[in-house]
Amino acid sequence: MAVRNQLVHRPPTAVWAVLADPTLYGEWVVGPSESTPLDQTWPQVGSRLRYTVRLGPWSTEGVTTVRHQEPGRELELEASFKALGTARIFLQLRPWGEETLVVCDEHPLRGLGGTLHNPAVEALLQLRHRGMLARLATTVEHERAGARHA
């Protein structure tokens, strides 16, 4: 199970505002090149987001579904990549003084991803999380997020 932490130099309300905005998904999640809300209720439980992942000429679409949320505190997602299966991504926001400690916990649930999960895949998830959490922090901390979500 890949667990990683990131200190974001903004309060949990600012971090949650970014997580709750489906148009910003592609800015902080590593992988998707495009994202489109499939429901107008993001991040309510059951709401979905479609995204496209591109690697050179190859591309595939996936869907992320909100499985649990506590506004300002927790967001639990299930990301689905057709043949690869699904993964659980749990983001927890912990107040850390005037800042936010974001804890990300991800692991495969179903399909090929779960079958092939091993220490090498775990290491790749850690690298992905490092980039993803850094991008989340940048999105929240910089002017664009501050101006949109202050």
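**Group meeting: a walk from the core outwards**

Let's start in the middle. The largest nonpolar core has 28 residues. Seven of them touch the most other members: Val-15, Leu-19, Trp-28, Leu-91, Val-102, Leu-136 and Val-140. Which elements supply at least two residues each to this core? The helices are α1 (12-19), α2 (25-28) and α4 (119-141). The strands are β3 (48-55), β5 (74-81), β6 (85-96) and β7 (99-110).

One caution before we go on. This is a predicted model.

Take Val-102 from that core. Skip its neighbours within four places in sequence. What is Val-102 in contact with then? Early in the chain, there are Arg-4, Asn-5, Gln-6, Val-8 and Val-15. Further along, there are Leu-91, Gln-92, Leu-93, Leu-133 and Leu-136.

Now the whole fold. The protein has five helices and seven strands. Along the sequence, the order reads β-α-α-β-β-β-β-β-β-α-α-α. Of the 150 residues, 43% are buried. Next, take contacts between residues at least 6 apart in sequence. Of these, 47% join residues at least 24 apart. And the outside? The accessible surface is about 7,900 Å². Carbon and sulfur atoms account for 57% of that surface.

Next, helix α1. Is it mostly covered or mostly open? Mostly covered: seven of its eight residues are buried. Those buried residues are Pro-12, Ala-14, Val-15, Trp-16, Ala-17, Val-18 and Leu-19. You have met two of these names already: Val-15 and Leu-19 are among the core residues that touch the most other members.

On to the strands. β3 pairs with β4 (residues 58-70) in the antiparallel sense, over eight bridges. Across that pairing, Leu-49 stands opposite Thr-64 in β4. The two strands form a hairpin, with two residues between them. Look at Gly-56 in the turn. Its phi is positive, about 60°. For comparison, most residues other than glycine have a negative phi.

Stay in β4 for Thr-65. Is Thr-65 buried or exposed? The cut-off for buried is under 20% relative accessible area. Thr-65 has 11% relative accessibility, so it counts as buried. What does Thr-65 touch, beyond residues up to four places away in sequence? One group is Gly-46, Ser-47 and Arg-48. The other is Glu-76, Leu-77 and Glu-78.

Before β3 comes a loop worth a stop. This loop lies between β2 (32-37) and β3, and Pro-43 is found there. The peptide bond from Trp-42 to Pro-43 is cis, with omega near 5°. Most peptide bonds are trans.

Last topic: aromatic rings. How many aromatic pairs does a search of the whole structure find? Three. Tyr-25 and Trp-28 form an edge-to-face pair, 5.8 Å centre to centre, with 70° between the planes. Both sit in helix α2, three residues apart, so about one helical turn separates them. Tyr-25 is buried, at 6% relative accessible area. Trp-28 is buried too, at 3%.

Tyr-25 also pairs with Tyr-51. That pair is tilted: 6.0 Å centre to centre, 35° between the planes. Why does this pair tie together separate parts of the chain? Because Tyr-25 lies in helix α2 and Tyr-51 in strand β3, parts that are 26 residues apart in sequence. Tyr-51 is buried as well, at 3% relative accessible area.

Put the rings together. Ring pairs link Tyr-25, Trp-28, Trp-42 and Tyr-51 into a cluster. Trp-42 is also the residue before the cis bond to Pro-43. That's the tour.

Note on methods: Residues numbered from 1 in each chain as written. Predicted model: local features only at pLDDT ≥ 70, side-chain atom pairs only at ≥ 80, totals over all residues. Heavy atoms only, no water. Core = buried A, V, L, I, M, F, W, Y, C linked by side-chain atoms within 4.5 Å. Buried < 20%, exposed > 50% of the residue type's maximum accessible area, 1.4 Å probe, protein only. Helix = DSSP H or I, 4+ residues; strand = E, 2+ residues; numbered from the N terminus. Contact = heavy atoms within 4.5 Å. Areas by Shrake-Rupley, 256 points an atom, 1.4 Å probe, with all protein chains shown as cover. Pairing = 2+ DSSP bridges. Phe/Tyr/Trp six-rings, centres within 6.5 Å; stacked < 30°, edge-to-face > 60°.
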